[in-house]
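User: Could you take a close look at one part of this model for me, the largest pocket and the helices around it? I would enjoy one connected account.

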Amino acid sequence: MLCLGLLACSPSAKVVDLEFPFQAECLEAQNFEEADYPVPLSEQSYSEALDIHFSLKSITAANAIGAIDELEHIINLSQSETMDTLKYVLARQRLSDKINQASLEISSITASIDCEEEKSEQLASFLEKEIRKKERNFTVAAIVTGAAISVLTGGILFLQGGDLLIELVGITGGLTEVWLGLSILKANKKVAIEHRDNILAEVKEGGAKTTFIPPAIWYYINHENASRNGKSLRQLLLDRWQIYNLDEGDDNVLFMEGGLYSAEMLKNRADMLDQLEAQIDLMQQDLLGLSKEINAL
C-alpha cells in the first residue's frame, strides 16, 4: 500500500506561467481581396512565345505575381523590328516592380514566421532549464536519502536494535529512493500558450483565401508540380509534418488556438515553422530565374 501511495504521489507536469504573451508582434492579419489571388495557369491561355523564351518555373512565378501580360508585352516589344526603346524600358520597369514587390512580401512573411519560431525555441530552452533544475533537486534528495538511511541503519545496529526495525527502515528508504528516481524520470513542465493567429493551422486547412500569407506566395506553395509527383510544396510540407513532427494528440494543440506545450512540442512547432519558412523562401529562387530569363531577351 505504501508503494502504491508513493507512486500515486509521483509529480505530474507543472504548468509554468508566462510573464509575456506568446503572440504580440510577429504575425499580422491582412485583408486580401479575392481579386488578388492569381488564376491558375491551367485556366489561362497565353502565347506560345512564352513557352519558347521562358521555363515553366519562370512562367509559374510570373503568374504568381500577376506578370503574365507584362512578359508577353516585352517579348512582343523585343521582337519588333522598330522597337520602341522607351516602351520597352517602361515594360521592364513594371516587371521589376512586381518582382521586387513579391520579394518584399516573401521577406516580410518569412520574418514573421521566424519571429514565431524563435519564440518557440526560446520557450523550449526555458522549460528544459526548469526541468534540469527540478531533476537536480530530486537527484540531491535521492543521494541525501540514501546517506540518511545508511546512517540510520548503522545507528540502529550500534544500539542493537531489532531486525524488524532495520527492515522497516530499509523498506521505507528503498521506497523513498524509488519514488525520487521515478520523479527524476517524470520531471516535466509545460507552459500554457495562446496563439489565436495560427499560421500552421492556415497552412494545414488550405482554402482559397488566407489571412497571413500573401496571395502570390499562397499560389506558389499550392501550385502542383509534375516534377514533385504532382504535389504542391504545401502538400509535401504537410506530409513531412505528419511523419517527423506530429505525435498522437499534438495536432490538437499545434493547429488550434493554443494549449499546454512541453519543451518537445515547442521544438516541434519551431521545426514546423522553420520548414514553412524554407518552402516560402524557395520562391526567391524562381523569381531570380525569371529575372535572368528576362535579361536574356
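Analyst: Happy to. A word on terms before we start: a residue is buried when its relative accessible area is under 20%, exposed when that is over 50%, and partly exposed in between, with a 1.4 Å probe and protein chains only. Helices (H or I, at least four residues) and strands (E, at least two) are DSSP runs, numbered from the N terminus.

This is a predicted model, in which local features need pLDDT of at least 70, side-chain atom pairs count only at pLDDT 80 or more, and totals for chains, interfaces and linings use all residues. Residues are numbered from 1 along each chain as its sequence is written, and side-chain values use heavy atoms, with hydrogens and water left out.

For context, the protein chain holds 11 helices and 3 strands, in the order α-β-α-α-α-α-α-β-α-α-α-α-β-α from the N terminus. Of its 297 residues, 39% are buried.

Now to the pocket. A pocket here is an open set of points on a 1 Å grid over the protein atoms alone, with protein on both sides within 12 Å along at least five of seven lines; lining residues have an atom within 4 Å of a point. The largest one has a volume of about 410 Å³, where volume is the space filled by probe spheres set on the points, joined across faces, edges and corners. Its lining comprises 21 residues, and Asp36, Pro38, Ala64, Ile65 and Gly66 are the closest to its centre. By class, the lining has 12 nonpolar, 4 polar and 5 charged residues; Ala, Val, Leu, Ile, Met, Phe, Trp, Tyr, Cys and Pro count as nonpolar, Asp, Glu, Lys and Arg as charged, and the others, Gly among them, as polar.

Four helices each supply at least two lining residues: H3 (56-64), H4 (68-79), H5 and H8 (215-222). H5 gives the most, with 4 residues.

H8 is largely enclosed by the rest of the structure, because 7 of its 8 residues are buried. Those are Pro215, Ala216, Ile217, Trp218, Tyr219, Tyr220 and Ile221.

On H5, which spans residues 85-158, we can zoom in on Ala91. Ala91 counts as buried because its relative accessibility is 1%. Leaving aside residues up to four places away in sequence, Ala91 touches His73, Ile74 and Leu77, a contact being heavy atoms within 4.5 Å. From Ala91 to Leu71 the C-alpha distance is 8.6 Å, across 20 residues of sequence.

Note on methods. On a 1 Å grid over the protein atoms alone, a cavity is a set of points where a 1.4 Å probe fits but cannot get out, and a pocket is an open set with protein on both sides within 12 Å along at least five of seven lines; lining residues have an atom within 4 Å of a point.
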